[in-house]
Structure formats: C-alpha cells, structure tokens
Amino acid sequence: MLKILITGGCGFVGTNLTLKLLNHFSSIKIFLYDNFYRKENIDNVRFLKNKNIKIIKKDCSKIKRFELVDLVIHLASDPAVGSGMTYKSKIFSNNLTSTNNLLNFYSNYKTPIIFLSSSRVYSIDTINSLDYVVKNFRYEINNNKFKGVLNKSFNEKLSTNGFKSIYGFTKLASEDLILQYSRIHDFNYIINRSGLISGKYQRGNIQQGIISFLVKNALEKKPFKIFGHKGYQVRDILNVENLCDLFILQIDSILSKKNQKNIYNIGGGYKNSESLINLIKILNQKIKLNFEIDKNERFGDIKYYISSNAKLMKDYKWKPNINYNDSIEESINFMKSLKG
C-alpha cells in the first residue's frame, strides 16, 4: 500500500489533491497534517471522510517526528504575501521551520519530497524593471531578450536575487534547505514554483487567490479596492485540477526514480493570463462587483507574472487544459454552494 503524507492537507490544494489521489491509486493511505490555523481548513474535513485518510492535527513547525511514509508532499505554508513584506515570526515558523523539521526527520529515511513553492521566489525588482507596454488594458512584455523570459512568460532562469518579500524569502530558503539536505543525504525531490491557483475549495481569502476573493466580495456585496497600475497587473491562472494532474505525474515519476531532482515553474501560461481590471470586467458580466481603483501602488506588487511551462511540457508532456473562464465559473458555483 502506498503511504503519502501531505502537510497542510486540509487546505485548498491539499483537499483537492487528496480527493484526486483516492481516485487515482487503488491502494493508498493518506496522512493529512494540518494545524487548522485557518477555519476554512476545519470546514474541509467534511469532504475528507474516508477510511484511507487519517487527519492529524499537528503543527509541523513544532514537532520532530512524523509518520513513516513513501512520499511527502509539502503544502503547508502561510501564503500571506502582503503580511510577509516585513518580518513575521509566524511566516518563518510556518514556511521555514516546518520545512526544516520535515527534512531533518525524513532525510534519515531518504524519503522523497514534492514541495509546492511559489513564483514569489523571483526578484520583484527584476520583474518590474522589464520593458512593458499597455495593450488591451494589460501590461505586455515589450522585449523578450532577457534571461528568464521565454515567449512572454518566465522560466526557471529568472533571477531570484534581490528583494522578494519575506514570504518569497521563506519559500526560496525552504527550496535551498531541500537542496542542501538532498546533497548530504541523497534523497529525491521535486520543487514546483507555482503562480496563481484557482478552483474548488478556495474560500475567498485574499491571501490565497484573487478570483475567489472577487467572487466572495460580489456575493457578499462588499466593496473593495484595487491598487496601482490602473488594474493592468497581469497574472496567469492555473486551475487546481490541472495542478493535481501534474502532482499525479510527479508522484509516479519520483517513486519510479524517473525524475529525481528538479525545479519547475508551473502556471496557467500565457493563454490563461489576464489583467486584474479585465478579470473584473469578465466577472461583472456574471455577478456585480463594487470596486474602486486607488492610484497608490502597494509595496512589493509586481506588474506582470506568467509562468513558462516549457520544462514541464518537455519532462511530462503536461500542460493546463482548463481555461480561466472555466475557473471563474467553478469558483462562482462553489462559493454559492457554501451559502447553501
């Protein structure tokens, strides 16, 4: 029987992935570690009642021993980019100490790990210094001839040097810890640098996804602000279902030792990218949004981020097949179902 530990297992990605794993593997035991810091994770427990799932209330930053398993999928983190602009001890413990504790235990058993990192490991200054033009109410890269830029998207060669927020630092530091431990103990790992994710079980927390946040505000008739750039900031949108599809491929490959040590950018790609103001226009056709644009820019905001999936396509023949319009519909339907 395959045994997998998922940290942050009752969160947005963890819930989707767990349900996907149950459908994919005929013989599996899944251990879900969660500190239930977020109340939405507590609510997700009702979707995770299965004899092959064991939910354990644990804070990975405070424990030293874990379940013996075949594979660790490390999702637990504080995704609060905004609150991570200054030193926050909780971000360090949730994002960095938890990683160190996992590695300190599992490296002794050479247990492979798949880590969900973030596009925020890349330099904010580098991204914002690129030459952009405005077309159709969104920023576009005006010059592709820059290290890390491939077909108007960013690949794994983009610079991680320089300012990246405390949140981004903890993610990059976690990556480095994985590399250091792996070099010493020789276990396999896959690191996924993810951008914006959307889909079912996302509850409208601004720290976890802009689409569900916009949907939640519309359904609750709450006004909100968007800051700077006239809303021309661009992001690509990855549906969580496609992310879970990739995890399945990576689990199969890392357990069979076909893919042993690698780092990937992962996202919706250029075809699934849009500016904030255009997303609001699309949503406004479905549910009414009450917003205003504040000309002041938020510290640490980036003008543009689109993931290049070229390396993933080469290694896994994977590419996202759920477009962002479908992600929007899914988010609306799920948020409405919560209101019953």
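Let us begin with a lysine and a ring: Lys303 lies over the face of Tyr139, at 5.8 Å from the ring centre. The model you are looking at is a predicted one, and aromatic rings make a good way into it. Another lysine is placed in a similar manner, for the charged end of Lys281 sits over the ring of Phe137, 3.6 Å from the ring's centre.

Tyr139 also has aromatic company. Together with Tyr122, Tyr132, Phe154, Tyr232, Tyr304 and Tyr305, Tyr139 forms one aromatic cluster. Across the model, the count of aromatic pairs comes to 17. One of these pairs is made by Phe66 and Tyr106, whose ring centres are 5.8 Å apart, with 35 degrees between the planes, a tilted arrangement. This pair links distant parts of the chain, 40 residues apart: Phe66 belongs to the loop between strand 3 (53-57) and strand 4 (71-74), while Tyr106 belongs to helix 3 (residues 89-106). Both Phe66 and Tyr106 are buried.

A second pair to find is that of Phe163 and Phe299. Their ring centres lie 5.4 Å apart and their planes meet at 35 degrees, so this pair counts as tilted. Phe163 sits in the loop between strand 9 (153-154) and helix 5 (165-185), and Phe299 in the loop between strand 16 (291-294) and strand 17 (304-305), so the pair ties together parts that are 136 residues apart in sequence. How exposed are these two rings' residues? Phe163 has a relative accessible area of 30%, so it is partly exposed. Phe299 reaches 61% relative accessibility and therefore counts as exposed, the cut-off being over 50%.

From Phe163 it is a short step along the sequence to helix 5, where Gly168 is found. Is Gly168 buried or exposed? Its relative accessibility is 0%, so Gly168 counts as buried. Setting aside neighbours within four places in sequence, Gly168 is in contact with Arg120 and Val121. Asn192 comes 24 residues away from Gly168 along the chain, and the C-alpha atoms of the two are separated by 14 Å.

Next comes helix 6 (residues 210-219). Of its 10 residues, 8 are buried, so this helix is largely enclosed by the rest of the structure. Which residues of helix 6 are buried? They are Ile210, Ile211, Ser212, Phe213, Leu214, Val215, Asn217 and Ala218. Their cover includes strand 11 (196-198), strand 12 (224-227), strand 13 (234-239), helix 8 (276-284) and helix 10. After helix 6 comes Lys221, which has a positive phi, near 55 degrees.

Helix 10 (residues 324-338), which is part of that cover, is where Asp326 is found. With a relative accessible area of 43%, Asp326 falls between the 20% and 50% cut-offs and so is partly exposed. Between Asp326 and Asn259 there are 31 Å from C-alpha to C-alpha, and the two are 67 residues apart along the chain.

The last stop is a patch of empty space. Rolling a probe the size of a water molecule over the atoms shows where such space is left. The second largest pocket has a volume of about 410 Å³. Its lining is made up of 18 residues, and Gly268, Gly269, Asn309, Lys319 and Pro320 are the ones nearest the centre of the pocket. By character, the lining of the second largest pocket divides into 6 nonpolar, 10 polar and 2 charged residues.

Note on methods:
Residues numbered from 1 in each chain as written. Predicted model: local features only at pLDDT ≥ 70, side-chain atom pairs only at ≥ 80, totals over all residues. Heavy atoms only, no water. 1 Å grid on protein atoms, 1.4 Å probe; cavity = no way out; pocket = protein on both sides within 12 Å on 5 of 7 lines; lining within 4 Å. Points joined across faces, edges and corners; volume = space filled by probe spheres on them. Nonpolar A, V, L, I, M, F, W, Y, C, P; charged D, E, K, R; others polar. Phe/Tyr/Trp six-rings, centres within 6.5 Å; stacked < 30°, edge-to-face > 60°. Helix = DSSP H or I, 4+ residues; strand = E, 2+ residues; numbered from the N terminus. Buried < 20%, exposed > 50% of the residue type's maximum accessible area, 1.4 Å probe, protein only. Lys NZ or Arg CZ within 6 Å of the ring centre and 35° of its normal. Contact = heavy atoms within 4.5 Å.
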